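Here are some questions that a newcomer might ask about the terms used for this structure. Each answer sets a value against a definition.

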Number of protein chains: 2
Amino acid sequence: MPVITPSDAHVEIITANDTPCGPATGIRFSDSGGLTQFGAFVEVLPPGSRSSLCHWHREEDEMIYMLTGSVTVYEGGTASTLTPGQAACFKAGVPVGHFLKNEGTSDATYLVIGTRAPRDEVTYPDHDRKYVRDDAAGTTTFTTLDGTPGVESAYLLPGA
Amino acid sequence: MPVITPSDAHVEIITANDTPCGPATGIRFSDSGGLTQFGAFVEVLPPGSRSSLCHWHREEDEMIYMLTGSVTVYEGGTASTLTPGQAACFKAGVPVGHFLKNEGTSDATYLVIGTRAPRDEVTYPDHDRKYVRDDAAGTTTFTTLDGTPGVESAYLLPGA
């Protein structure tokens, strides 16, 4: 039975205690349907929340498709408003950080699609951090931008 | 500038002369945004049209996320109605054919997401055909289900 309704799907609830980016909800359709090659989930982002810290991926393409409300897409020095029926694409390896913020007054919902690469490196240019995930080695590591290991997650930094 | 509006995106128009499945329109967001690891596009399927012939992919995960209208998802011997906010997932390598048909009276629109594998094999169980695409070799080949080469595309068969 291939159809996945929102009530069938695994729902991930992120609270303000979990991240400096603010609360959000993820309806994890592709995981619930047994897919492994990409992640595709609906994110509900309340007013004031960010999708993530500013970051870019070395190995994984990303795309957002807007469903309801609006978000501001910050990428490098630019800010653009994304409204329903529009998409934003972030190609793997392009070294420009991005994040979304809901600067409106109602929830924003959008589909997030991202490749599931076996190894990825995520750079947080505004927070002096890189994150490396290597599934074959079973490791996840944070370093500073110059490679110094043994540092905390970008999401645990004061003021993140 | 990462935002892709429908008027920025490459639009593929399929007519009734192109395929036995009937007309359709594809708004190719991810291609237009330069992504290569997956395809993600909005398909507009008029009443009476099918998305494809019944098929399954050896190597590529697929997902549909319904936006407006409804479609019937045929998979193996089952038929399910997909309505806005619901998804359908088709895992690579699961040997059960599927296709969508718009049996309603208004256009159906949905996001189609599929991995871009370097090699894939697509089986058409109802049409005695397999299609093999090998990007490294630069080849695309149709055979019968038992491997006989030199046959026409499944889409060119009488009654397809």
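A residue is buried if 20 or more other C-beta atoms lie within 10 Å of its own, exposed if 12 or fewer, and partly exposed in between, with C-beta atoms placed from the backbone. This is a predicted model, in which local features need pLDDT of at least 70 and side-chain atom pairs count only at pLDDT 80 or more, while totals for chains, interfaces and linings use all residues. Residues are numbered from 1 along each chain as its sequence is written, and chains are lettered from A and ligands numbered from 1 in the order in which they are written.

Q: Why does A:Leu53 count as buried?
A: A:Leu53 has 21 C-beta neighbours inside 10 Å, and the definition asks for 20 or more, so A:Leu53 is buried.

Q: Which residues does A:Leu53 touch, leaving out those up to four places away in sequence?
A: Among them are A:Cys21, A:Phe99 and A:Tyr155; contact requires C-beta atoms, placed from the backbone, within 7 Å.

Q: How are the two copies related?
A: A turn of 180° and a shift of 0.0 Å along the axis lay chain B on chain A with an RMSD of 0.0 Å, by least squares on the C-alpha atoms of residues with pLDDT of at least 70 in both. The copies are thus related as by a two-fold rotation axis.

Q: Why is it said that the copies meet through the same surface?
A: Of the interface residues of chain B, 100% are also interface residues in chain A, so the surface is the same.

Technical notes
Contact = placed C-beta atoms within 7 Å.
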